[in-house]
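Student: I would like a close look at one part of this protein, namely its aromatic rings and the residues placed around them. Could you take me through that part carefully and connect it to the rest of the chain?

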Amino acid sequence: MQIKCPHCQTTLSLGTPKAGRYKPTCKKCNEPFLLTVSQDLPPKVRVRKPQQKTSSSAKQSSANQSSAHRSASHRPAEAASQSARRGSQRDAKPDESIDQSNLTRPVIDPNRTRGGSSSDGVQQTGLPQDSRDPAASIANGDLRSSSKSAESEAADRNAQESANMPARLGGYRLIRLLGRGAMGAVYQAKQVSLDRDVALKTIRGRLTSSPASLARFTREAYAAAQLTHHNVVQIYDFGEDNGQHYFSMEWVRGGSLADLVREKGRVAPKLAATYILQAARGLQFAHRNGMVHRDVKPANLLLADDGVVKVADLGLVKIPDQVDPDPVSEGALLSGLQSGTQVTMQGTAVGTPAYMAPEQSADSSSVDHRADIYSLGCSLFYLLAGQSPFLGDEPADVLQQHASASPPDLTAVNARVPDKLARVVARSMAKRPSERYASLAEMIDDLQAFLGVELTVGFSPTNEQADRWESLASAYAKTQRMARLTSPLLLGLTIVMLMLTLAMPFSSFSMILLPPALLIATCLTVIVIGGMTGHHPVADHLRRWLETLSIFEMLVWGVAAIALTFVTVMMGLWLGAIIGLIVGVGLGTAYHFAVLATAEQAGRTPLDNAKRFIRDLRIEGIEENSLRDFAARFAGPSWQTAFEAVFGYEAMAGIRSRLAADQAFTGPTKADSVRDRLCRYLADKIKAKREAEDRRKLARLEQQSLVSQGVSNKQAEEQAWQVAAAVMEGVQKVVDSSSGDERVQAEAKRQRIKAMLADARSGKYKRPRDRHASWKLALSGYTRMLLGCMLLTVFAFAVQASGVVDEALIASARQGDLHLQDLPLDATTDVLGVRTSVWSVGIAGLLLCMSAFVSGWRMSPFAAVATIVILFGPALAIPSLAIAGSVTILPWMIAVVIAMVIYLPGVIYGEEAER
């Protein structure tokens, strides 16, 4: 970067400065001048003469700051030497009146540090970021910086960012700022609906001003969000709130491997190999799905509390070779929101210099998976040596060493590193890509061989390991015997309440709602308290389902609640409902604390021992799927209890379905409990809702991109929908791993996505849109719910208007002496000009409300016929039926029985068709 001295017009060479305001001195005329660098991409630079002020005090202050900066830091040798070399930097807001003619674009993102820790490099660890960003690099000694330290600048900038932090974004409540990069800030946030911590990354700057770039970036992030692996940080969601685009990601409780080295120094060789082995497995999964990370470094390898290493920022990287019609100047291609991310340009470098492959510094947009192998080798070197392979005053110096210098002898730096592991590092860090490991599978094999792990046929535990795990699992299962009675007790309670409901009208009609209210309140209380005190599968699924509800759907459920409450009060049934709710809440609370909480307390110690045992096996290098398979097969008959406690319900449900098809496994695999059925039902609903919402958001961004390129709005809408469908279909297809070569698999997936996107834009790719969505919505369960509530309301008014409820009945209801035989069952009212039974209206409304829980529109025709039969059955010549001479079954009662028979196939067909 070239600038001119405003005094003597001498051309001066400037390195890669950070945004801020500086007061350097010209080497030729020895006069100070002001240098301002904006935070824009590309940065805007302004050079001007300082105001006429005495500079002696400023010089003295600068000297004092530099002296204090050099003496105050007590860091590891690498970071300390870096900060001493870099000088200091003044923190100030960029001048808004910058000379537009003096623009330049840096090759290396100044937010990326030589040591590999960027401003958001540990964004998911929940730890304060130790900012060691370099100050402005002044090339060849032509400029001498006299500004504040980079640490002060970062602290002031983060303080300002925190002060401007919004309270909420979408469904997330922002807690604190973790860091900020070139493209946005990173926050710790709370997802309100699910009550879970997430890492929230915001997108701003040049990317948001380009609809085409933002659409492509979102496509890439969505594709990465479909990658679910134990060693990859999961992307949860993406969205926009008042023009602010954001992504939410998994919150990993722990720290990064960079934090580990800074706090404890070098990592033991076996442990370092285990950590890198886990990272390699996560990266291998990404490579097989056509993704290259391009910023692998210790700060992006997060170590969770349970010993799992997760690759961070993989979710927001570039998928190579995607077709993009965006005519961005200079061939700009998106790289994603990696730590210190910037917009990638053809022929430029993106990454962290200390861990960047030689070919990546020339053109990061064309690198393949072998660049990640090189960076992973550098990360392993860092863990073993306590420092990165190459050190230098400038990023360019470090990149030059990566390109031409031989790395230090690892065994000379750390004599405890075995030769076998040193050879793994050396091969992965070969200068030429062809001399490195051809794939991560080869590197994984060598790391496993070093650790003594053989995974050719899965994990083969020793007798001691198998016996130990079975003993731990059995010990925990014994403490959960009472908790395992939840399903049988629920079934028994349901049967009892159903029988009481059927018998209640003959003893006290006003108490008819007591049994169902008691049952519902008991179940909801157990679920709510369980969700508040821990991870309850049903509570978690209910939260996710509630999160997917639209405003219209919430209004429907609100109307239903109001209507049912109104009918309950009008019919005089409110006393039984209230008593049932109170007793149910008490019974559910008592059951939770007497049974579930007691079992949890009793199982705490054996569960901690079981988790510790699994963690030790994980640290030994056992692959996660093999580890879980071992935990299921060797835990004994009650394997599901211990497995769910250690790995979670979702993992247990997944491996249970896989083991059900394994004839060699003799343990229980049935998933027919009420809890399992309800979780599957809600999971299906959640999946369908999220896919529809993701398709809508992708299509909306794609449509904006096409409109910005001159495509008509109508044509852009159709083409955008097809592109969104192509992206979703392409990325969700499972990668064929039969070849075992991630290069082949990655290329196949890249080419498939590339072809699908090209066909979608050209019109060759066609996926039929649902042209009947409007009338399907009209026939959906929400319409049935509203019609049912309307009939129930009509029923309540009809009961009052027809005199069915008189003073005698009200007095009997208040005393609890109202019986079924006291009710005038032959009372009638007018519905659409036809005389029908009052009770027919109420039962028709109740059945319509219940039918709303059957998915989709297919239930509606059956419900419509059944409702007509109930309301107008007597008018359709349905006769009465006499039994034993004195008992007469009225026509409307027979119509109700016929209608319920009509409902049955609708329930079966409607639900199965939706699945």
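Tutor: What follows begins with the chain as a whole, turns to the aromatic rings, and then follows some charged side chains and one helix.

The model is a predicted one, and its protein chain holds 31 helices and 18 strands. Of the 915 residues in the chain, 50% are buried, and the chain exposes about 40900 Å², of which carbon and sulfur atoms supply 57%. Among the contacts with a separation of 6 or more, 70% are between residues 24 or more positions apart.

Across the whole structure, a search finds 16 aromatic pairs. One of them joins tyrosine 222 and phenylalanine 238, whose rings are edge-to-face, at 6.4 Å centre to centre and with 75 degrees between the planes. Because tyrosine 222 belongs to helix α4 (residues 211-225) while phenylalanine 238 belongs to strand β10 (residues 235-241), this pair ties together parts that are 16 residues apart in sequence. Tyrosine 222 has a relative accessible area of 1% and is therefore buried, and phenylalanine 238, at 6% relative accessibility, counts as buried too.

A further pair is made by tryptophan 545 and tryptophan 557, and since their ring centres are 6.4 Å apart and their planes stand at 75 degrees, this pair is edge-to-face. Here the link runs between two helices, because tryptophan 545 lies in α16 (residues 537-548) and tryptophan 557 in α17 (residues 551-570), so that parts twelve residues apart in sequence are tied together. Tryptophan 557 is partly exposed, with a relative accessible area of 26%. Elsewhere, Trp469, Phe613, Phe630 and Phe634 form one aromatic cluster.

Phenylalanine 238 also has a charged neighbour, for lysine 697 lies over the face of its ring, at 4.4 Å from the ring centre. Arginine 196 is placed in a comparable way over the face of tyrosine 236, at 3.7 Å from the ring centre.

Arginine 196 leads on to lysine 190, since it is among the residues that lysine 190 touches, a list that also includes Gly171, Tyr172, Arg173 and Asp197. Lysine 190 is part of strand β8 (residues 184-191), and with a relative accessible area of 18% it falls under the 20% cut-off, so it counts as buried. Its side chain makes a polar contact of 3.2 Å with the side chain of aspartate 197.

Another charged side chain to consider is that of arginine 784, in helix α27 (residues 781-801), where the residue is buried with a relative accessible area of 3%. A polar atom of the arginine 784 side chain lies 2.9 Å from the backbone oxygen of serine 851. Leaving aside residues up to four places away in sequence, arginine 784 touches a set that includes Leu779, Leu848, Cys849, Val854, Met859 and Ala863.

Finally, helix α9 (residues 395-404) shows how burial can be distributed around an axis, with Pro395, Val398, Leu399 and His402 buried. These four residues cover an arc of only 100 degrees around the axis, which means that they sit on the same side of α9. Ala396 and Ser404, by contrast, are exposed on the other side of the helix.

Terms used
Residues are numbered from 1 along each chain as its sequence is written. This is a predicted model: local features need pLDDT of at least 70, side-chain atom pairs count only at pLDDT 80 or more; totals for chains, interfaces and linings use all residues. Side-chain values use heavy atoms; hydrogens and water are left out. Buried means under 20% relative accessible area, exposed over 50%, partly exposed in between (1.4 Å probe, protein chains only). Contact means heavy atoms within 4.5 Å. Accessible areas come from the Shrake-Rupley method with a 1.4 Å probe; for residues, only the protein chains shown count as cover. Rings of Phe, Tyr and Trp (its six-membered ring) pair if their centres lie within 6.5 Å; planes under 30 degrees apart count as stacked, over 60 as edge-to-face and the rest as tilted. A charge sits over a ring if NZ of Lys or CZ of Arg is within 6 Å of the ring centre and within 35 degrees of the ring normal. A polar contact is a pair of N or O atoms within 3.5 Å; within protein, one must be able to donate a hydrogen and the other to accept it, and residues adjacent in sequence count only if both atoms are side-chain atoms. The arc is that of the directions from the helix axis to the C-beta atoms.
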